[in-house]
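Trainee: I should like a close look at a single part of this model, the protein surface that faces one of the DNA strands. Please take me through it in a connected account.

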2 protein chains.
Amino acid sequence: MREYYSITELTREFDISTRTLRFYEDEGLVQPVRRGRTRLFRPSDRHLIRQILRGKRIGFSINEIREIIQMYREPPGEVGQLKLMIKRIEEKRENLRQKRRDLEETLAELDQAEESCVERLAELGVNT
Amino acid sequence: MREYYSITELTREFDISTRTLRFYEDEGLVQPVRRGRTRLFRPSDRHLIRQILRGKRIGFSINEIREIIQMYREPPGEVGQLKLMIKRIEEKRENLRQKRRDLEETLAELDQAEESCVERLAELGVNT
DNA sequence: CACGGCATTTACGTAAAAGTCAATTCGGTC
DNA sequence: GACCGAATTGACTTTTACGTAAATGCCGTG
């Protein structure tokens, strides 16, 4: 496991811009350490970036991603906070399950659409 | 099956604004018929709205949703078009499968996060 | 030490997807 | 025919998630 990654290394690995990474830092999603003014990203930052991009692909906003990231962190020490956190996690999971249903339905309709196309091709005497 | 729905009926049903529906019309996603200046939405429009909102929840942009909607339509009559359409559908499906993987991973991590919280609660002697 | 190349900061720009507001205009009804 | 509430239109505003440009810093190499 590498100790540090430079900003450009990560931009290449994840195919994002330096602007994007600095933006994520401004938003408090990652906190790379500094050597002088230069950002040094640790493996944990790298993992966070992976999670952020995953969240984006599913259609979460930066704020929602921030919330989710909080949930991955060490659980709080206080009972009330813990219970609140569990509630939040449950909500987020319900949200994800809804997305999954939406996704399955869309996939199903696309399956149907493709089938229609294939049938239509067959009617036209094209061998698929 | 009702013949027509008014704009406000639909805004209530789907919890969106009239502005949103008009925006979707401007974008060519729905084409309600008119009686004078009043929009009359048919069941097919209603179904489209359902699909649009589903697309939004999964994180598709209006343009992507427009593409998907095209795919639900009658398959084209020309062979080249048909083959292109099938290719597009396949791409979109791959895209959705990626989203599904992302989703499952996120769900798994949230499961873990919740478990950590529950354990922590147990340590603190709280009966869940 | 000059240079190329990556980094940084600051500031402004922008596209998407609506929200908001003001000014009409319809359709029904009293 | 006056009136009211719902609907429409157009213009302007807002938020999100960065892009882009300008000016400058830092550093290893030849």
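Mentor: Helices (H or I, at least four residues) and strands (E, at least two) are DSSP runs, numbered from the N terminus. The model is a predicted one, in which local features need pLDDT of at least 70 and side-chain atom pairs count only at pLDDT 80 or more, while totals for chains, interfaces and linings use all residues. Residues are numbered from 1 along each chain as its sequence is written, chains are lettered from A and ligands numbered from 1 in the order in which they are written, and side-chain values use heavy atoms, with hydrogens and water left out.

The surface near DNA strand D draws on both protein chains: at least two residues each come from helix H2 (18-26) and helix H4 (62-72) of chain A, and from helix H1 (7-14), helix H2 (18-26) and strand E2 (38-40) of chain B. A residue is near a strand if one of its heavy atoms lies within 4 Å of it. H2(A) gives the most, with four residues. There are 18 residues around DNA strand D, and those that come nearest are Ser17(A), Ile62(A), Thr8(B), Arg22(B) and Arg39(B). By class, the surface has eight charged residues (Asp, Glu, Lys and Arg), four nonpolar ones (Ala, Val, Leu, Ile, Met, Phe, Trp, Tyr, Cys and Pro) and six polar ones (the others, Gly among them).

On the DNA side, 69% of the atoms of strand D within 4 Å of the protein belong to sugar or phosphate, and the rest to bases. Individual polar contacts (pairs of N or O atoms within 3.5 Å; within protein, one must be able to donate a hydrogen and the other to accept it, and residues adjacent in sequence count only if both atoms are side-chain atoms) reach both parts. In the side chain of Thr8(B), an N or O atom is 2.5 Å from a phosphate oxygen of DNA strand D. For Arg39(B), a polar side-chain atom lies 2.4 Å from a phosphate oxygen of that strand. Arg19(A), by contrast, has a polar side-chain atom 3.0 Å from a base oxygen of DNA strand D.

The two chains that share this surface are related by symmetry: a turn of 180° and a shift of 0.0 Å along the axis lay chain B on chain A with an RMSD of 0.2 Å (superposed by least squares on the C-alpha atoms of residues with pLDDT of at least 70 in both). That is the relation of a two-fold axis. Within chain B, Gly59(B) comes closest to the rotation axis, its C-alpha at 1.9 Å.
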